[in-house]
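Biologist: Please show me the model, and then let us go through the ligand site and the fold.

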Amino acid sequence: MQPDAASAPSTPVVEVNNLLKRFRREDGALVHAIDDVTLTVDPGDFVVLLGPSGCGKTTLLRAIAGLETPDSGQVRISGRTVYSSAERVELPPERRDISMIFQSYALWPHMTAFKNVAYPLQSRRGRKLGKDEIARRVRQALELVGVGELERQYPGQMSGGQQQRIALARALVNNDDLVLFDEPLSNVDAKVREQLRFELVSMQRELGFSALFVTHDQVEAMELAHRIAVLDRGRVVQFGTPQEIYRRPATRYVATFIGAMNEAPGRVVAVDGSGHDGTVTVETEHGRVTGRTHGARHAVGDRVAALWRPEHGALHRSEPTAPNRWPGAVKAGLFVGSHTEYVVTLAGGDVRLWSPRPDLVAVDASAWVSVDVDDVLVLPEDQSSEQPQDAPAGELATAS
Amino acid sequence: MTATLERPAPPTPAEQPRRRRRLPGPFDSVTLVIAAVLIGIVVLPLGRVLVRMFWVDGALTIDPIRRTLELPGLGGMLRDTLILVVASSVLAFVIGTTLAWLNERTNARMGLLTDALPLLPFLLPPVAGAVGWTMLLSPRAGLANSWLRDLLGLVGIDLREGPFDINSWYGLILVMAFYAVPFVFMNASAGLRNLDPALEEASRLAGASTWRTLRKVTLPATAPSLGAGFLLAIWFGIGMFSIPAIIGGPAGIDVVAVRIVELLTFTFPPQTDVAIGLSGFVVVFVGLAYWLQMRILRRGRYATLGGKGARARTLDLGRAKWPARVLVLGYVFVSTVLPVVALVLVSLNGFWTPDIRWDNLSFTAVTTAVFDDRTTLTALGNSLGLGLVGGLIGILGAAMISLYVARRRTALARGIDIAVKMPAAVSNMVIAVGILLLLAGAPLYLSGSLLILLIGYLALYLPQASIAADAAVSGVGKELPEASAVSGARPARTFGRVYLPLMVPGLVAGWALLFIRIVGDLTASAILAGTANPVVGFRILEVFTSGSFALLASLSTVLVVITATVLVVVLAYTRRMSKLGVSASVGGVK
Ligand SMILES: Nc1ncnc2c1ncn2[C@@H]1O[C@H](COP(=O)(O)OP(=O)(O)O)[C@@H](O)[C@H]1O
Ligand SMILES: [Mg+2]
């Protein structure tokens, strides 16, 4: 929204620096809802905040919107500081020039769809639009989200999906640089959800606003995002494209939260080469597993975990020649349509693999499992999962 | 989807970021002043009473307490008060929880009928009920007694009076209980509604019978709500003046609240010292009840809200369904409809006699008694005006405070919230006495003025205003105003366009409750009003002491008609609004 925003397209739409927000729960314990988060959203970017319920997604979004006062840190929107603990700046939400869609939609029940959508046009300071101009833009927004015929209806007279669309029109009508979404699709049924997701992506690409979208649904995140920020207890544990997050999860937490994963903990017994092509061999309960280091530094004796996805494992009736191969017995074969999920008991426990062939090996028969070296990730034991959640009570000096 | 949206015009000059919001804005400042005034008119009188108890004419003394303790018949009066309050509260507790359970948990429920009707006594002025019951069950002239005698005559039992006597222990306890039932019913219903049905279902699945589930799961888990209802019934009983005055007086049952009014209003010169000493007993008794409840409730941990408003499966009563329904409706009929019918009959009949001349009923008596009588007419005008204005001031002030408390979760906000609701825990009587002490004499000399009445009503009914306003504010929720702020609206605009329209039905309902309370009030009216500025409550007492029962019936009928009219209009309005998704209720009646 800076006058020079157009000439300097590289100015991020959102910059969050070292943001911190703690809550004191009823029982007195401290919750780090936002724990030192740093994050940028570039113009035109669709960023998804992904994490399980309670990890601080909503709090982060509300802090950016100005609905929650952080304890410390900085938030800039389109180059303008809207919150800074160091500079003692805090702009109220109505002066941040952003839009937001709430999980409950938050449509005003006493206003028609038209009035709901017109409201942001009438409310922004320093601007007076004519009646006709407002009507024109409201209709345009309603048409855009495909509910032009609902303008005289009250929210109470609409279906969930329709309310959702009105909320979307209300968020888009000002054509702000930034639109925040707090799990907007979690309250509509699966079919409508898919449709809305699709429309949302094409609208965002067309209108060019930047989106910061909160969800706990990894499929939704994958589908919508240019980039995903995975949150774990108030921290951003990985920030990357959907592909990066899926292929190269930075931690075991990310790896197991996004998609299915086989895990085998163990100790490093050999490191061979470094850089991208280096390999590392891990002694696990299944036997030895070799994978790529992807540049990470491991030393012999480190406690690590070897991980691979079910779709990368292969099942054989007889011993294959691949370096990662282990004998076992098929415990179950679950046909799910597109593929069959085999559960195979190895020396260290059960692993899962997906194969397009439903009748590869009979249940209870012995078999071999193999996985390509390129498909095995070796990650250090998660630190975050051992970290204490609650800081000592004395630390809360700045919280109100 | 080919349309694109236009860019907004860029905001003119580059803005200077504002300082952090710490100082209260103009809106908050006004709210804080209002809160200070409203709390002041409760706390200062209370403090005045406490000080006066130990500090007379500039010296420390225990004279008021000594003179109170020397009061003849003090022990008997305290015993009578205790018996009356405890017995009527226990009875109300039994009736209220039974009604609530039948309504919330069984198929005896009949929608709005059984939801709302048991609450009606909460809205009717108790004084009207007391007079109505006197008309019904007075030993000789009571209408119901006469009807019963006729019935008994058919089976050969001839009675000259009775069979019932309202001016008795059981009569007084019964009527007090009827008026205390809504407090229990409201709280027990809420408790049952909020209880996670899974708790009860788990017990049933574990093999427990309905009865055992009720005893072992439902009742213990809803204990806090039930306890709160019981406590409210106790407080109501201690502060209640009109029912014991009208029903207990003739029976010689001596109650503290009645005695305080007598000492202040009907004794010359007023024995303020003793009245204050007695107020001290009331405060101690109320505090004791509160302390006991806290002790009992702290012993256990209680389950509350379950999943997403899941309504518990109702119990099929089978053949007992209709008897249960008849029981509920019968209760409503006896407790609420009968006394009102008696009032109306006597006032239309012109004078009080068991032989109603059915073909000769007319409004003449009511007109002469109420509208041709200058004093009564003045009293009526004063009461309606005070109800209108007092209700408006009360509910708007309370609404601003509720908004402030909801938006700021600071210690100050919590403190204000507690202070505003505190008068509910102190007897009305004591606050009214304090206001009399503080404002009636030097330096303000407000004695008998409309202003002192207005202040008294506001102080007394502030908690009810606050609870109604809380409901209105919480009905708006958090996200609707937030969505407005994110849309770019300033706080004042958010207030005008989002908070206010959504709160109006709730505020109208709250106003109606205050109006009804003020117009039907006897406590503050008895202590604070004077002959120069009479109000309905004061006039009713005058008429009662002069013994004109037909006039009393007419006045009470007018009171009931005014109450009912306001109630019906406001309920119709709020129901219409609820179609827009904005709901409200008058004292729990939707
Ligand atoms: N107003 C509050 N008071 C106390 N704790 C809160 C409050 N809001 C959020 N929290 C806590 O902060 C954490 C993050 O909450 P939230 O941001 O709502 O998570 P998410 O949206 O990811 O589900 C949770 O542990 C939650 O209990
Ligand atoms: Mg959330």
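**Ligand site and sheet**

Modeller: This is a predicted model. Start with a contact: an oxygen atom of ligand 1 lies 2.6 Å from a polar backbone atom of Gly54(A).

Biologist: What distance separates an oxygen atom of ligand 1 from an N or O atom in the side chain of Lys57(A)?

Modeller: A polar contact needs N or O atoms within 3.5 Å. A polar side-chain atom of Thr59(A) meets an oxygen atom of ligand 1 at 2.5 Å. For the side chain of Lys57(A), the distance is 2.9 Å.

Biologist: How much of the accessible area of ligand 1 does the protein cover?

Modeller: On its own, ligand 1 has 560 Å² of accessible area. The share covered by the protein is 68%.

Biologist: Which element gives the largest share of the shell around ligand 1?

Modeller: The shell includes Phe23(A), Val31(A), Lys57(A) and Thr58(A). β2 (30-41) and α1 (57-65) of chain A each supply at least two residues. The largest share is three residues, and it comes from α1(A).

Biologist: In what order do the five strands of the sheet lie?

Modeller: The sheet is open and its pairing is antiparallel. Its edge strands, β2 and β6 (89-90) of chain A, each pair on one side only. The order in chain A is β2-β1-β4-β5-β6.

Biologist: What angle does the direction of α1(A) make with that of β1(A)?

Modeller: α1(A) packs on the sheet. There α1(A) touches β1 (14-24), β2 and β4 of chain A. With the direction of β1(A), the angle is about 120 degrees.

Biologist: Which residue in β5(A) stands opposite Val75(A)?

Modeller: Strands β4 (residues 72-77) and β5 (residues 80-84) of chain A run antiparallel, joined by four bridges. Opposite Val75(A) stands Tyr83(A).

Note on methods
Residues numbered from 1 in each chain as written. Chains lettered and ligands numbered in written order. Predicted model: local features only at pLDDT ≥ 70, side-chain atom pairs only at ≥ 80, totals over all residues. Heavy atoms only, no water. Near = heavy atom within 4 Å. Polar contact = N/O pair within 3.5 Å; in protein donor to acceptor, adjacent residues only side chain to side chain. Areas by Shrake-Rupley, 256 points an atom, 1.4 Å probe, with all protein chains shown as cover. Pairing = 2+ DSSP bridges. Contact = heavy atoms within 4.5 Å. Axes fitted to C-alpha atoms, helices over the stretch in contact; angles between N-to-C directions.
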